[in-house]
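The following exercises concern one protein chain, shown below. Each gives a task and then a solution worked step by step.

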Amino acid sequence: MAQIQVKLVRSVIDRPERQKRTVKSLGLGKMNSTAQHESNPAILGMVKSVQHLVQVTEL
């Protein structure tokens, strides 16, 4: 499977708790933090649910 890099580009302040937990489970904490993941359906679903907060690049 391909690898993707996820970067937090928008703040999670004033976002629903569910989105905050999703961002944290992706391994992102502070602004501009990045994490690498395998591109599988579970990860892609999490990314899609917070796509307005993150930037995704394929490695």
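**Exercise 1. Identify the bridge partner of Ile-4 in E2, and place the pair in the sheet.**

Step 1. The bridge partner of Ile-4 in E2 is His-37. Helices (H or I, at least four residues) and strands (E, at least two) are DSSP runs, numbered from the N terminus. The model is a predicted one, in which local features need pLDDT of at least 70 and side-chain atom pairs count only at pLDDT 80 or more, while totals for chains, interfaces and linings use all residues. Residues are numbered from 1 along each chain as its sequence is written, and side-chain values use heavy atoms, with hydrogens and water left out.

Step 2. Gln-3 has Glu-38 as its bridge partner in E2. E1 and E2 run antiparallel and are joined by 5 bridges; two strands pair if DSSP finds at least two bridges between them.

Step 3. The open sheet has 3 strands in the order E2-E1-E3, with antiparallel pairing. E2 and strand E3 (54-58) are the edge strands, each pairing on one side only. On average, neighbouring strands of this sheet are turned by 25° against each other, direction ignored. Here axes are lines fitted to C-alpha atoms, for helices over the stretch in contact, and angles run from 0 to 180 degrees between N-to-C directions.

Step 4. H2 packs on the sheet and touches E1, E2 and E3. The direction of H2 makes about 25° with that of E1.

**Exercise 2. Determine which side chains of E2 are buried.**

Step 1. Apply the cut-offs: buried means under 20% relative accessible area, exposed over 50%, and partly exposed in between (1.4 Å probe, protein chains only).

Step 2. The side chains alternate along E2. Ala-35 and His-37 point to one face and are buried, whereas Thr-34, Gln-36 and Glu-38 point to the other and are not.

Step 3. Continue past the strand to Ser-39, in the loop between strand E2 (34-38) and helix H2 (41-49). Ser-39 counts as buried because its relative accessibility is 18%. Leaving out residues up to four places away in sequence, Ser-39 touches Met-1, Ala-2, Ile-4 and Leu-44; contact means heavy atoms within 4.5 Å.

**Exercise 3. Describe the largest nonpolar core and the surroundings of two of its members.**

Step 1. A nonpolar core is a set of buried Ala, Val, Leu, Ile, Met, Phe, Trp, Tyr and Cys residues joined through side-chain atoms within 4.5 Å. The largest one has 12 residues, among them Ile-4, Leu-26, Ala-35 and Ile-43. Strand E1 (3-8) and H2 are the elements that give two or more residues to this core, and E1 supplies the largest share, 3 residues.

Step 2. Ile-43 lies in helix H2 and counts as buried because its relative accessibility is 12%. Not counting residues up to four places away in sequence, Ile-43 touches Ile-4, Leu-26, His-37 and Glu-38.

Step 3. Leu-26, with neighbours within four places in sequence set aside, is in contact with Ala-35, His-37, Ile-43, Met-46, Val-47 and Val-50.

**Exercise 4. State how the protein chain is built as a whole.**

Step 1. The protein chain has 2 helices and 3 strands, which follow the pattern β-α-β-α-β along the sequence.

Step 2. Of its 59 residues, 29% count as buried. Among contacts with a separation of 6 or more, residues 24 or more positions apart account for 74%.
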